[in-house]
Amino acid sequence: MTELTFYRQGRKDGGIRTGVEVNDESVLGRFEEGDKETDSALDWYVDVRCSVSKLGNDPEDARRWLMEHASAIQAALGDLAKELKAGMDLSSVLRRKVAGTPRGVQIYIVCSAVRRNTAQEMAKVLSGLGVQWRELISRLPALEPTPA
C-alpha cells in the first residue's frame, strides 16, 4: 500500500503550508507567508490521509489520484465542517473516515486546533478546503526530490 497525505497547516504567524506527501516524501507543496513576525508553531492542521494501491512516485500521479477522488473528499470535508459548527476541543485530534471510497482505498480526514479561537473556526477551515479542493490540488507546484 502507498500512503498519500494531503496537508494544510495554519501557523501562528498567519502563514499557511499546503502540500502532498507520498510515503512521507513531499512531492507537491507551497508556503504562503503570514503577515506577522515569523512564528512557525502551528495553530491548526488538516490532513487527508489515504492508503491506496498502485500509485506511482511521480508528483503528477498523486495529483491525479487526489483529483479523481475529489468528490468523496469534498463531501467528507463538508460533512465534518457541519459537525464542527460549534467548534472542537482544544488540542484534541479529530479523525473521520471518508465514506464512498473504492474497494481497497481508505481515506481519513484528521484535524486539530491548538487555540480556543482557532478551534471555533475549524468548520470554516474545513468548509473552505472542501470548496477550494480542486483548485488547491491543481495549483500545487511539484517539488524536487530530495537527494539520497
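How many of the residues of strand E4 are buried? Nine of its eleven residues are, so E4 is mostly covered; buried means under 20% relative accessible area, exposed over 50%, and partly exposed in between (1.4 Å probe, protein chains only). Helices (H or I, at least four residues) and strands (E, at least two) are DSSP runs, numbered from the N terminus.

The model is predicted: local features need pLDDT of at least 70, side-chain atom pairs count only at pLDDT 80 or more, and totals for chains, interfaces and linings use all residues. Residues are numbered from 1 along each chain as its sequence is written, and side-chain values use heavy atoms, with hydrogens and water left out.

**Stop 1: the strands beside E4**

Select E4 (42-52) together with strand E1 (residues 2-11). The two run antiparallel and are joined by ten bridges; two strands pair if DSSP finds at least two bridges between them. Next, add strand E6 (106-113), which pairs with E4 in the antiparallel sense over eight bridges. Cys-50 of E4 is a useful residue to display: Leu-4 is its bridge partner on one side, and Ile-107 in E6 is another.

**Stop 2: helix H2**

Now select helix H2 (residues 70-83). Its 14 residues should span 20 Å at 1.5 Å a residue, and the end C-alpha atoms are indeed 20 Å apart; the expected span is 1.5 Å times one less than the number of residues. Colour the buried residues Ala-70, Ile-73, Ala-76, Leu-77, Leu-80 and Ala-81. Viewed down the axis of H2, these fall within an arc of 140°, so they line one face of the helix; the arc is that of the directions from the helix axis to the C-beta atoms. The face turned away from this buried side carries the exposed residues Ser-71, Asp-79 and Lys-82. The buried residues of H2 pack against several elements, including E4, helix H1 (59-68) and helix H4 (122-139).

**Stop 3: helices H1 and H4**

Display H1 and H4, which pack at an angle of about 170° with their axes 10 Å apart. Axes are lines fitted to C-alpha atoms, for helices over the stretch in contact, and angles run from 0 to 180 degrees between N-to-C directions. H1 and H4 are therefore roughly antiparallel to each other, a term for angles over 145 degrees. Arg-63, Leu-66 and Met-67 in H1 meet residues of H4, among them Trp-133 and Ile-137; contact means heavy atoms within 4.5 Å.

**Stop 4: Leu-126**

Finally, select Leu-126 in helix H4, which counts as buried at 0% relative accessibility. Among the residues that Leu-126 touches are Val-46, Leu-77, Ile-109 and Cys-111, not counting residues up to four places away in sequence.

Terms used
Angles under 35 degrees count as roughly parallel, over 145 as roughly antiparallel, 65 to 115 as roughly perpendicular and the rest as oblique.
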